[in-house]
Amino acid sequence: MTASSASRKAPARCQEPARCQERPLPSRCLFGIILVALVFLLFTYSDACDPPPTFEAMQLIGKPKPYYEVGEEVKYQCKPAYFYIPPIAMYTVCELNHTWLPVTDDGCFRLTCSVIKDPANGRAVPANGTWEWGYQLHFSCNEGYYLIGKQILYCELKGLRPQWSDKPPRCEKILCSPPAKIKNGKYTFSDIEIFEYLEAVTYSCDPAPGPDEYSLVGESLLYCAGSGVWSSAPPECKVVKCPFPVLKNGRQISGFGKKFSYKAMVMFECIEGFYLNGSDTVVCEGNSTWQPPIPECLKGPKPTHPTKPPVSNYPGYPNPREGFDFDEFEALIIALMILIIIVAVAITGVCLYKYLQKRKKRKPEGKVEYTAYHHKATTAEAPPK
Ligand SMILES: *[C@@H]1O[C@H](CO)[C@@H](O)[C@H](O)[C@H]1NC(C)=O
Ligand SMILES: *[C@@H]1O[C@H](CO)[C@@H](O)[C@H](O)[C@H]1NC(C)=O
Ligand SMILES: *[C@@H]1O[C@H](CO)[C@@H](O)[C@H](O)[C@H]1NC(C)=O
Ligand SMILES: *[C@@H]1O[C@H](CO)[C@@H](O)[C@H](O)[C@H]1NC(C)=O
């Protein structure tokens, strides 16, 4: 049904608005006009569909209208930067129940960036499984190679054309220059100038000129772990000499010797009546100290761990849950509410009762007697209070 037929059918008394305005508008006439407008609106909208659904990848062909008639068809096309692959339908129809025939934008696909091949000695992987714009391309290099450039490229829209965010990266062979030379020591393959990935050298210390040997402190084996990066810092060659381990009220039980050099290990125990505070085993470290420090033997039986009583048991710290129960509080509120309701009902009842009584008395006496009655009534009812 159309708008024109709706207004023709309307039961208005004032069919020509121009004539209505000549005389002052009677309210009947105004009512008529409003009714016409209402019926008009009702028919136009009840007979229509709302604007058709919108989509990410497709748009209406032509301008959208505020409403559509039953049976009206609208067509879609893919938005720019998308392209259509059949056979998904690209139209919808306003149905009898004022809904649109279901339609999707599944037929529209994003344009893709140019395919980038795997770099030499590496891989290029579309991280989201697609070459479409809005997605990523991830690069990685084979073992022994490292990446030069961006690890992630983004397929982006530049204007309406999808383009990569950067140049593709390269994979280069991992190489290391020789590791650092050290004092009082040397390493193997010292004549080689370029080391490849995972190639290793081993450090050793020179013989010491004095009575104490040099100790190699740190890692003796280093390998080329990354581009110009060795697996660890080079070691040191130095004399390590820890002080003779002395334990008062205790004795050494292992690791006896005259000299205590790098990594020497000593164990202790205390004599009867004393207990050990600290570690029973210590090691001579590279800086010529015992680690952990040499323990102590303290008098008495070994104390068990003292346990603090929980805070809530201390006097003066009442348990916050004690003394005030939430359930009690709730019960109190409910009781209070019931009380208020009872009082309200009572007051209402009394008022109603008084009112009814007044009416009963007023009927026979009439208006003239009212003030006299009113006075009488208040004084008469006073005593029971
Ligand atoms: C409207 O009618 C169509 C069939 O004509 C039906 O598939 C659809 O579910 C109906 N929609 C509603 C909201 O009733
Ligand atoms: C694409 O994949 C990457 C890596 O898995 C992820 O971080 C990113 O959120 C994905 N992008 C989209 C749009 O799904
Ligand atoms: C045990 O040794 C530690 C660390 O040296 C020290 O802090 C602690 O006070 C010692 N205990 C006793 C009971 O002396
Ligand atoms: C000696 O080295 C150890 C770790 O091996 C460290 O904890 C200690 O502080 C060092 N002591 C000195 C005096 O440098």
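In this predicted model, ligand 4 is surrounded by Glu-285, Asn-287, Thr-289 and Gln-291. A polar side-chain atom of Asn-287 lies 2.4 Å from an oxygen atom of this ligand. Taken alone, ligand 4 exposes 360 Å², and the protein buries 34% of that area. By class, the shell around ligand 4 holds three polar residues, one charged residue and no nonpolar residue. The charged member is Glu-285, because Glu counts as charged.

One residue of this shell also takes part in an unusual backbone feature. Gln-291 is among the residues around ligand 4. A cis peptide bond joins Gln-291 to Pro-292, with omega about -15°. Pro-292 sits in the loop between strand S26, residues 290–291, and strand S27, residues 296–299.

Ligand 2 was examined next. The residues around ligand 2 are Ala-127, Asn-128, Tyr-135, Gln-136 and His-138. An oxygen atom of ligand 2 is found 2.4 Å from a polar side-chain atom of Asn-128. The area exposed by ligand 2 taken alone is 360 Å², of which the protein buries 40%. The shell of ligand 2 divides into two nonpolar and three polar residues, with no charged residue. Ala-127 and Tyr-135 are the nonpolar pair, because Ala and Tyr both count as nonpolar. Asn-128, Gln-136 and His-138 make up the polar part.

Around ligand 1 lie Glu-95, Asn-97 and Thr-99. The side chain of Asn-97 places an N or O atom 2.4 Å from an oxygen atom of ligand 1. Ligand 1 exposes 370 Å² when taken alone, and the protein buries 30% of that.

Away from the ligands, the surface and the backbone were considered. Phe-83, Ile-85 and Phe-109 make a nonpolar surface patch of about 230 Å². Phe-109 belongs to strand S7, which spans residues 108–110. The relative accessible area of Phe-109 is 32%, so this residue is partly exposed. Patch residues need over 30% relative accessible area, and Phe-109, at 32%, therefore passes that cut-off.

A second cis peptide bond was found. This bond runs from Pro-86 to Pro-87, with omega near 10°. Pro-87 is placed in the loop between strand S5, residues 82–84, and strand S6, residues 91–93.

Positive phi values were also found in residues other than glycine. Ala-81 has a positive phi of about 75° and is not a glycine. Ala-81 is located in the loop between strand S4, residues 73–78, and strand S5. With a relative accessible area of 7%, Ala-81 is buried, because buried means under 20%. Asn-184 likewise has a positive phi, near 60°, and is a residue other than glycine. The loop that holds Asn-184 lies between strand S14, residues 175–176, and strand S15, residues 185–187. Asn-184 has a relative accessible area of 25%, so this residue is partly exposed. Thus Ala-81 is buried, whereas Asn-184 is partly exposed.

Methods
Residues are numbered from 1 along each chain as its sequence is written. Chains are lettered from A and ligands numbered from 1 in the order in which they are written. This is a predicted model: local features need pLDDT of at least 70, side-chain atom pairs count only at pLDDT 80 or more; totals for chains, interfaces and linings use all residues. Side-chain values use heavy atoms; hydrogens and water are left out. A residue is near a molecule or strand if one of its heavy atoms lies within 4 Å of it. A polar contact is a pair of N or O atoms within 3.5 Å; within protein, one must be able to donate a hydrogen and the other to accept it, and residues adjacent in sequence count only if both atoms are side-chain atoms. Accessible areas come from the Shrake-Rupley method with a 1.4 Å probe; for residues, only the protein chains shown count as cover. Patches are made of residues with over 30% relative accessible area and no salt bridge: like charges are joined within 9 Å, nonpolar side chains (Val, Leu, Ile, Met, Phe, Trp, Tyr) within 5 Å. A salt bridge is a side-chain nitrogen of Lys or Arg within 4 Å of a carboxyl oxygen of Asp or Glu. Helices (H or I, at least four residues) and strands (E, at least two) are DSSP runs, numbered from the N terminus. Buried means under 20% relative accessible area, exposed over 50%, partly exposed in between (1.4 Å probe, protein chains only).
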